[in-house]
Amino acid sequence: MADLLNELGMVGKAEGRFTEAAQCYRRALDILRRTRRRTGVEVADLYHNLGGLEHARGRFAVGEPLARRGIGIRARRHGRDSTVVWLDRTAHAALLDGLGRYAESEPVYRAALAVLRKRLGPNDFEVAVTLNNLGCLRAAVGHPREAIRLLQRSLAIKQSLFGRASVESGLTLFNLASALREDGQTVLAARLFRKAHAVLKRKLGARHPTVRAVQLGSLVAGR
């Protein structure tokens, strides 16, 4: 049941049904706490997913301690240098970005990039996610040229894995457009904003929270 609820939570998040997703994750977490049974999903997975859900909702202060708690649980079970803990750390760093705590998140992204490239390969999806988030951070702190390079690399990986018309590619395309706008390349930025919005609207629907955020130009760095 906990495994199923976790899967339902992920589907709910992907479809923009955030309240329902949170209920599923918390029910699964309650089951694991009460039964102490080993299933496919771990307690740390649920804290990770809850943190990611709060990131999607823009509630960074709520999600940050949840993600941090998941890191502690995972590190005790798998070791602090395990790949899965590094993935937890990058997700936590995205919440720190939302809180404006860039000095804390940037070293995590850079260290994670080195680890993930070595262990998963330079073209892995998680490498692309980390490049995307680091690119958004560098744009936010006033380095759009570096941000553009990072986001272009992230986009190339995502497009090779999922295609140009995927949600993942659309999200990074939006972030690239934002960096280009910060760099003064407004014509190109406007064109990419339109493309990103069209891709995400087609895949997610006009009423999805992510599509609305893109339309308003207020999407926060994420996957």
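**Two helix pairs and selected residues in a predicted model**

I begin with Asp124, which is partly exposed, because its relative accessible area of 24% falls between the limits of 20% for buried and 50% for exposed. Please bear in mind that the model is predicted. Asp124 sits in the loop between α6, residues 102-120, and α7. Leaving aside neighbours within four places in sequence, Asp124 is in contact with Ile157 and Leu161. Where does Asp124 stand in relation to Gly63? The two residues are 61 apart in sequence, and their C-alpha atoms are 26 Å apart in space.

Ile157 and Leu161 lead us to the helix pair of α7 and α8, since both residues belong to the part of α8 that meets α7. Helix α7 covers residues 125-140 and helix α8 covers residues 144-162. They pack at an angle of about 155 degrees, and their axes are 8 Å apart. An angle over 145 degrees counts as roughly antiparallel, so α7 is roughly antiparallel to α8. The crossing of α7 and α8 is left-handed. On the α7 side, the contact is made by Phe125, Val127, Ala128, Leu131, Asn132, Leu134, Gly135, Cys136, Arg138 and Ala139. On the α8 side, the residues are Pro144, Glu146, Ala147, Leu150, Leu151, Arg153, Ser154, Ile157, Lys158, Leu161 and Phe162. By class, the contact of α7 with α8 comprises 14 nonpolar, 3 polar and 4 charged residues.

Cys136, one of the α7 residues in that contact, is buried, because its relative accessibility is 14% and the limit is 20%. Cys24 is likewise counted as buried, at 9%. How many disulfides does the model contain? The count comes to 0.

I turn now to the pair formed by α4 and α5. Helix α4 spans residues 60-78 and helix α5 spans residues 83-98. The angle between them is about 165 degrees, with the axes 9 Å apart. These two helices are therefore roughly antiparallel as well. Their crossing, too, is left-handed. From α4, the contact draws on Phe60, Gly63, Glu64, Ala67, Arg68, Gly70, Ile71, Arg74, Ala75 and His78. From α5, it draws on Val84, Val85, Asp88, Arg89, His92, Leu95, Leu96 and Gly98. The classes here are 8 nonpolar, 5 polar and 5 charged residues.

Between these two helices, in the loop from α4 to α5, lies Arg80. Is Arg80 buried or exposed? Arg80 is exposed, because its relative accessibility of 54% is over the 50% limit. Beyond four places in sequence, Arg80 is in contact with Ala75, Val85 and Arg89. Those three residues also appear in the contact between α4 and α5.

Two further residues complete the picture. Ser105 lies in helix α6 and is buried, at 0% relative accessibility. With residues up to four places away set aside, Ser105 touches Ala93, Leu96, Asp97 and Leu137. Of these, Leu96 is among the α5 residues that meet α4. Asn49, in turn, is placed in helix α3, residues 43-57. Asn49 is buried, with a relative accessible area of 14%. Which residues does Asn49 touch, not counting those up to four places away in sequence? They are Asn6, Met10 and Tyr25.

Key
Residues numbered from 1 in each chain as written. Predicted model: local features only at pLDDT ≥ 70, side-chain atom pairs only at ≥ 80, totals over all residues. Heavy atoms only, no water. Disulfide = S-S within 2.5 Å. Buried < 20%, exposed > 50% of the residue type's maximum accessible area, 1.4 Å probe, protein only. Axes fitted to C-alpha atoms, helices over the stretch in contact; angles between N-to-C directions. Helix = DSSP H or I, 4+ residues; strand = E, 2+ residues; numbered from the N terminus. Parallel < 35°, antiparallel > 145°, perpendicular 65-115°, else oblique. Left-handed = near helix turned anticlockwise from the far one by under 90°. Contact = heavy atoms within 4.5 Å. Nonpolar A, V, L, I, M, F, W, Y, C, P; charged D, E, K, R; others polar.
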